[in-house]
Amino acid sequence: MASPARPSTSRPARAKQRRGEGQWALGYREPLNPNERSKKDDNPLNVRARIENIYAHGGFDSIDPADLRGRFRWFGLYTQRKPGIDGGRTATLEPEELDDRYFMLRVRLDGGALTLNQLRVLGEISQRYARDTADITDRQNIQYHWIQVEDMPAIWKLLEDAGMTTMEACGDSPRVILGSPVAGISADEVIDGTPAIDEIKRRYIGDPRYSNLPRKFKTAISGQADVAHEIHDVAFVGVEHPEHGPGFDLWVGGGLSTNPMIGVRLGAWVPLDEVPDVWEGVISVFRDYGYRRLRSRARIKFLVKDWGAEKFRQVLQDEYLKRELIDGPAPEVPKTQIDHVGVHQQVDGKRYVGFAPIAGRVSGTTLLAVADAVEQAGSDRVRLTPQQKLVVLDVPEEKVAELQVAVSKLGLDSEPSPWRRGVMACTGLEFCKLAIVETKARAHDLVGDLEKRLSDIGLDEPLTVHLNGCPNSCARIQTADIGLKGQIVTDNDGSQVEGFQVHLGGGLGMDAGFGRKLRGHKVTSTELTDYVERVVRNFADQREAGERFPQWVARAEESDLQ
């Protein structure tokens with residue numbers, strides 16, 4: 001006879017407890033990584049006083065490392081890459097081995113808006129303090145190189161006397177707000193978002209309540225879809241409400257880098273005068289509920305992904321706004337990318353003219369000469385764009401041709417080839433400590449080569465070609481027609497050389513998404529022009545009537561994409 005079964009003595013399995021993510025709202029106030037500790041030890045906004053009173057006098061060697069590689073960013077300063085270090089060593093060296101004694105400096109220009117006086121000040125700073133360097137970034141900033149800490153007090157005085165700042169141009173803070181370069185003058189915009197941008201900047205930039213976020217926080221506000229709103233932490237996009245009139249559709253949770261995500265609509269319509277309050281609510285949700293344990297998960301996009309749009313909106317309304325948002329319609333989706341290059345009519349009858357430098361690279365000398373040409377044309381307003389372009393506003397029709405000729409002599413074209421118009425590039429190996437490959441010079445050479453080789457190819461719209469020096473996607477590689485992510489690759493001889501991983505068919509607007517990554521397919525830098533030419537010719541040969549590049553990529557045979 002079988003003996004009776006003994007009762008089990010094992011304990012029931014415990015549900016696995018989820019590890020805390022460092023969310024302040026849930027009681028996790030103790031810093032969980034060195035970055036959080038640094039911000040708790042001293043508000044990063046306090047570093048300016050030390051720069052002015054200590055480091056500017058003592059020089060580079062007097063800088064506290066916690067300030068140098070951390071808090072300096074809140075005022076737009078990054079150490080730049082020491083010359084002569086190849087990309088293969090980027091991941092193997094310590095920060096102090098990569099650091100040069102000079103800095104990259106970003107000037108935040110919310111909405112990309114500049115007067116002629118401001119443009120001239122930017123040019124003068126470049127010539128006097130930055131070895132004539134100046135890049136137009138895809139954040140509508142101006143970025144300098146070769147800056148010395150000793151010169152920062154003088155640079156800040158010049159900038160601030162002209163109404164500009166570097167405050168929170170970088171760091172775990174609310175960075176520059178992207179705005180339409182043609183706000184207030186475009187016949188295509190639903191509403192002018194400039195008053196909201198100005199009010200957010202006035203109220204909140206430099207406010208210690210928002211200077212310690214889990215990570216950086218990027219904002220876009222535009223009356224039309226011309227600021228890459230789908231890939232921002234928060235975005236307000238112009239839309240006409242059938243009952244309430246013009247206002248903004250609210251998006252949250254977009255971003256690129258190594259975990260790209262398209263932002264989500266909250267289904268809420270926001271009137272112009274409420275945009276600053278709603279913006280404050282969204283950034284407060286991020287500050288309080290954002291993940292602070294791992295830097296790799298600290299962007300708001302991860303919180304939105306975990307919560308979903310419905311919960312995010314509910315928390316925003318219940319805990320921060322203390323009211324319900326109005327439901328609203330989605331904004332109109334443009335058929336093609338809006339880059340404002342070329343000559344266009346303003347609502348007042350004047351013209352605005354958009355010019356394309358190659359990959360945003362200009363110089364102080366160029367900026368000063370542009371200012372002279374703009375003044376000669378009777379204008380006082382210039383705008384920088386999220387596509388690394390420059391737009392001159394308020395040009396009388398009879399002055400347009402004269403302006404085009406004068407500025408084209410400076411290397412900025414208002415009727416560029418598709419390749420000059422569509423290329424973007426990050427800072428790359430020349431100055432960036434994270435970079436693995438060269439980008440700016442490579443983009444310049446690529447544009448020249450493609451203009452010669454593909455002059456026989458007619459394109460309805462320019463194809464976007466974005467080059468990035470590392471995986472962080474500062475040049476938005478996942479949303480380009482042809483996105484090129486810098487890597488060290490193996491060439492046919494078995495040598496390790498600079499090259500790129502290829503992303504094809506990404507886009508925003510009608511083609512919002514991250515395209516097709518060819519697994520295992522890498523292109524060396526020396527093969528890059530051949531590769532791009534081959535893919536573009538395949539597209540030209542195989543495309544159907546009206547077919548866009550991303551549509552063709554989605555159906556093409558992989559052999560035609562290699």
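Colleague: How many aromatic pairs does a search of the whole structure find?

Modeller: The search turns up 15 aromatic pairs. Rings of Phe, Tyr and Trp (its six-membered ring) pair if their centres lie within 6.5 Å; planes under 30 degrees apart count as stacked, over 60 as edge-to-face and the rest as tilted. Keep in mind that this is a predicted model, where local features need pLDDT of at least 70 and side-chain atom pairs count only at pLDDT 80 or more, while totals for chains, interfaces and linings use all residues. Residues are numbered from 1 along each chain as its sequence is written, and side-chain values use heavy atoms, with hydrogens and water left out.

Colleague: Why is the pair of F75 and W156 called edge-to-face?

Modeller: Their centres are 5.7 Å apart and their planes 65 degrees apart. Pairing needs centres within 6.5 Å and edge-to-face needs over 60 degrees, so the name fits.

Colleague: What makes this pair a tie between parts of the chain?

Modeller: F75 lies in the loop between α3 (65-68) and β1 (77-81), and W156 in helix α6 (residues 152-161), so the pair ties together parts 81 residues apart in sequence. Helices (H or I, at least four residues) and strands (E, at least two) are DSSP runs, numbered from the N terminus. F75 and W156 are both buried, meaning under 20% relative accessible area, with exposed over 50% and partly exposed in between (1.4 Å probe, protein chains only).

Colleague: And what makes W146 and F431 edge-to-face?

Modeller: Here the centres are 5.8 Å apart and the planes at 85 degrees, so that pair is edge-to-face too. W146 is in strand β5 (residues 142-147) and F431 in the loop between β17 (423-425) and α14 (440-453), 285 residues apart. Both W146 and F431 are buried.

Colleague: How do you know that the charged end of R131 sits over the ring of W146?

Modeller: The rule asks for NZ of Lys or CZ of Arg within 6 Å of the ring centre and within 35 degrees of the ring normal. R131 is listed as sitting over that ring, 3.9 Å from its centre.

Colleague: Why is strand β2 (residues 99-107) called largely enclosed?

Modeller: Seven of its nine residues are buried, so the rest of the structure largely encloses β2.

Colleague: What makes α2 and α6 oblique to each other?

Modeller: Helix α2 (residues 47-58) and α6 pack at about 135 degrees, with axes 9 Å apart. Under 35 degrees is roughly parallel, over 145 roughly antiparallel, 65 to 115 roughly perpendicular and the rest oblique. The two helices are therefore oblique.

Note on methods
Axes are lines fitted to C-alpha atoms, for helices over the stretch in contact, and angles run from 0 to 180 degrees between N-to-C directions.
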